[in-house]
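This report goes through the sheets, cores and largest pocket of one protein model, and then a few single residues.

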Amino acid sequence: PAGSASAASGTFTVKGGGADVWGAADAFHYAWQPIGGDADVIARVASVEYVHAWVKAGVMIRERLTADAAHAFMLVSPGKGLAFQRRVSNGGLSTNTSGGGGTAPAWLKVERRGNTITASRSADGSNWTIVGSDSFAMPAEVYVGLAVSSHDATRLATATFDNVTA
């Protein structure tokens, strides 16, 4: 099913389907905006619907809007904790760094400085713990936003985000 995104009073609701954000091609819903140069995208994932243990909700920087695009994704799942997942080149394979246990609510951040993207987590939105970083050869303009995959191509999962900054 097709996903959707809406915003009201500073809270974003993103409904995403799709088999996964993983491997060589992604299937999910992405609420995004273009941004140039160095950037941070921060959000508190307030809630994530449990459709599957690997439902993924989080903040992302993405080179393109194609399924095989390079990206950095800091996520929380209802059954698998937190993770920094990324594909460092278009058409490449995903890699994962565990961010430890936890569920929503969770503060997440990805920041780009030059060719380095760093992913972090926080309990309070002030004190950040780096989960991982990697080098990317992305162009100056990229897409930043909120991503949700239900990990089930037949169902949507809903996540809510607040305190969003980009």
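The text below starts with the basis of the values and moves from strands to residues.

The model is predicted, so local features need pLDDT of at least 70 and side-chain atom pairs count only at pLDDT 80 or more, while totals for chains, interfaces and linings use all residues. Residues are numbered from 1 along each chain as its sequence is written, and side-chain values use heavy atoms, with hydrogens and water left out.

**Sheets**

Strands (E, at least two residues) are DSSP runs numbered from the N terminus, and two strands pair if DSSP finds at least two bridges between them. The table sets out two open sheets. Its angles are averages between neighbouring strands, direction ignored; axes are lines fitted to C-alpha atoms, and angles run from 0 to 180 degrees between N-to-C directions.

| Strand order | Strands | Pairing | Edge strands | Average angle |
|---|---|---|---|---|
| S5-S14-S7-S8-S9-S10 | 6 strands | antiparallel | S5 (29–36) and S10 (95–100) | 15° |
| S1-S2-S15-S6-S11-S12-S13 | 7 strands | antiparallel | S1 (4–8) and S13 | 25° |

In the sheet of 6 strands, S7 and S14 are antiparallel and joined by 7 bridges. Ala57 stands opposite Val148 in S14.

In the sheet of 7 strands, S12 pairs with S13 (residues 128–135) over 7 bridges, again in the antiparallel sense. Ser122 has Trp128 in S13 as its bridge partner, and Ala119 stands opposite Gly132 in S13. S12 and S13 make a hairpin with 5 residues between them, and Gly125 in the turn has a positive phi of about 80°.

**Nonpolar cores**

A nonpolar core is a set of buried Ala, Val, Leu, Ile, Met, Phe, Trp, Tyr and Cys residues joined through side-chain atoms within 4.5 Å. Buried means under 20% relative accessible area, exposed over 50%, and partly exposed in between, with a 1.4 Å probe and protein chains only.

The largest core has 33 residues, and Val59, Ile61, Met74, Leu108, Val110 and Phe161 have the most contacts inside it. At least two residues of this core come from each of S6 (39–48), S7, S8, S9 (81–87), S11 (106–113), S12 (116–122), S14 (141–149) and S15 (157–165). S6 gives the most, with 5 residues. A second, separate core has 8 residues, among them Tyr30, Leu75, Ala83 and Tyr143.

**Largest pocket**

A pocket is an open set of points on a 1 Å grid over the protein atoms alone, where a 1.4 Å probe fits, with protein on both sides within 12 Å along at least five of seven lines; lining residues have an atom within 4 Å of a point. Its volume is the space filled by probe spheres set on the points, which are joined across faces, edges and corners.

The largest pocket has a volume of about 150 Å³. Its lining includes Phe12, Trp32, Gln33, Val41, Leu146 and Thr165. S5, S14 and S15 each supply at least two of the lining residues.

**Two residues in detail**

Met60 is found in strand S7 and counts as buried because its relative accessibility is 0%. The C-alpha atoms of Met60 and Gly125 are 65 residues apart along the chain and separated by 17 Å.

Thr66 lies in the loop between S7 (56–62) and S8 (71–77). With a relative accessible area of 35%, Thr66 is partly exposed. The side chains of Thr66 and Arg64 are joined by a polar contact of 3.2 Å. Such a contact is a pair of N or O atoms within 3.5 Å; within protein, one must be able to donate a hydrogen and the other to accept it, and residues adjacent in sequence count only if both atoms are side-chain atoms. The C-alpha atoms of Thr66 and Gly91, 25 residues apart along the chain, are 9.8 Å from each other.

Conventions. Helix = DSSP H or I, 4+ residues; strand = E, 2+ residues; numbered from the N terminus.
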